[in-house]
Amino acid sequence: MGSEMARRERPDELRLEAWRSLLMAAVSVRERLEQEMVEERGLPLTWYEVMLRLQQAPGRRLRMQELAQGAVVGKSALTQIADRMVEAGLVRRETCRSDRRGVFLVLSAAGRRAF
C-alpha cells in the first residue's frame, strides 16, 4: 500500500506527458473555435457560450450567479463579458423581483437573431 500511495503522489513522466498533451489539445481546439467563430459570425466564443446557455434556459434568462456556475471563465471575466454584450444589444440585465441583489441576464431579440 505504501508504494501505491507514492505512485499517486508522484505521477510518472508518461502520465504527465499525457496530461500536458491533453491540455495543449484543449487549448488548441478552443483557439481554433474562437478564430472560426470570430471570422464567420463576428462573435467571440465566450459570447456564444453565454448566448447558448441563455437560449436553453427557461425564459431565455439566467441569474448571473447561475451563469457563472457552469462558465468556462471566472465570475469577474463573466461580468465584463456581460457588460460588452449589453453594450452590443445582445443581452440585457433585469433585476430579480424576489431578491433585489439578484440580477438576470436575458437574451434580447438581437441576441436571438445573432445566435
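Start with helix H2, residues 13–41, and pick out Leu23, which lies in this helix. The model on screen is a predicted one.

**Stop 1: a patch on the surface**

Keep Leu23 selected. Is it buried or exposed? Leu23 counts as exposed, because its relative accessibility is 53% and the cut-off for exposed is over 50%. Now add Trp19 and Leu22 to the selection. Together with Leu23, they make a nonpolar surface patch of about 360 Å².

**Stop 2: charged side chains**

Select Glu13 and Arg20 next. The two form a salt bridge, and their closest N and O atoms are 3.7 Å apart. Side chains of opposite charge can pair in this way when their charged atoms come close. Show Glu17 as well. Glu13, Glu17 and Arg20 are linked in a network of salt bridges.

Check how open this spot is. Glu13 counts as exposed, at 57% relative accessibility. Arg20 is partly exposed, with a relative accessible area of 38%. How many salt bridges does a search of the whole structure find? The search finds seven. Two others come up later in the tour.

**Stop 3: the sheet**

Switch to a cartoon view and find the strands. In what order do they stand? The order is E1-E3-E2, in an open sheet of three strands with antiparallel pairing. Strand E1 (61–63) and strand E2 (91–95) are at the edges. Each has a single partner strand, so one side of each is left without a neighbour in the sheet. Turn the view to follow the twist, which averages 30° from one strand to the next.

Strands of a sheet pair through backbone hydrogen bonds. Look first at the pairing of E1 with strand E3, residues 103–107: the two run antiparallel, over three bridges. Select Arg63, and then its bridge partner in E3, Phe104. Do the same with Arg61, which stands opposite Val106 in E3.

Cross to the other side of E3. Here five bridges join E2 to E3, and these strands also run antiparallel. One pair to select is Arg93 with its bridge partner in E3, Leu105.

Now colour E3 by accessibility. How many of its five residues are buried? Four are, and E3 is mostly covered.

**Stop 4: helices against the sheet**

Bring back the helices. Helix H3, residues 45–56, packs on the sheet and touches E1, E2 and E3. Its direction makes about 95° with that of E3. Then select helix H5, residues 75–87. H5 lies across E2 and E3, running at about 110° to E2.

Zoom in on Thr46, which is found in helix H3. Is it buried or exposed? Thr46 counts as buried, because its relative accessibility is 17% and buried means under 20%. Show what surrounds it. Beyond its neighbours within four places in sequence, Thr46 is in contact with Arg30, Glu34, Val73 and Ile81.

**Stop 5: from helix to strand**

Select Asp83 and Arg93. They form a salt bridge, with the closest N and O atoms 2.7 Å apart. The pair links distant parts of the chain: Asp83 sits in helix H5 and Arg93 in strand E2, 10 residues apart. Arg93 is also the residue paired with Leu105 in E3. Both ends of the salt bridge can be coloured as partly exposed: Asp83 has a relative accessible area of 32%, and Arg93 is at 34% relative accessibility.

Move on to Arg92 and Glu94. These two form another salt bridge, their closest N and O atoms being 3.1 Å apart. Arg92 counts as partly exposed at 38% relative accessibility. Glu94 is partly exposed too, with a relative accessible area of 21%.

**Stop 6: an unusual backbone angle**

For the last stop, go to Arg60. Where is it placed? Arg60 lies in the loop between H3 and E1. Most residues other than glycine have a negative phi. Arg60 is not a glycine, yet its phi is positive, at about 55°. The residue counts as partly exposed, at 32% relative accessibility.

Definitions and conventions
Residues are numbered from 1 along each chain as its sequence is written. This is a predicted model: local features need pLDDT of at least 70, side-chain atom pairs count only at pLDDT 80 or more; totals for chains, interfaces and linings use all residues. Side-chain values use heavy atoms; hydrogens and water are left out. Patches are made of residues with over 30% relative accessible area and no salt bridge: like charges are joined within 9 Å, nonpolar side chains (Val, Leu, Ile, Met, Phe, Trp, Tyr) within 5 Å. Accessible areas come from the Shrake-Rupley method with a 1.4 Å probe; for residues, only the protein chains shown count as cover. A salt bridge is a side-chain nitrogen of Lys or Arg within 4 Å of a carboxyl oxygen of Asp or Glu. Buried means under 20% relative accessible area, exposed over 50%, partly exposed in between (1.4 Å probe, protein chains only). Two strands pair if DSSP finds at least two bridges between them. Axes are lines fitted to C-alpha atoms, for helices over the stretch in contact, and angles run from 0 to 180 degrees between N-to-C directions. Contact means heavy atoms within 4.5 Å.
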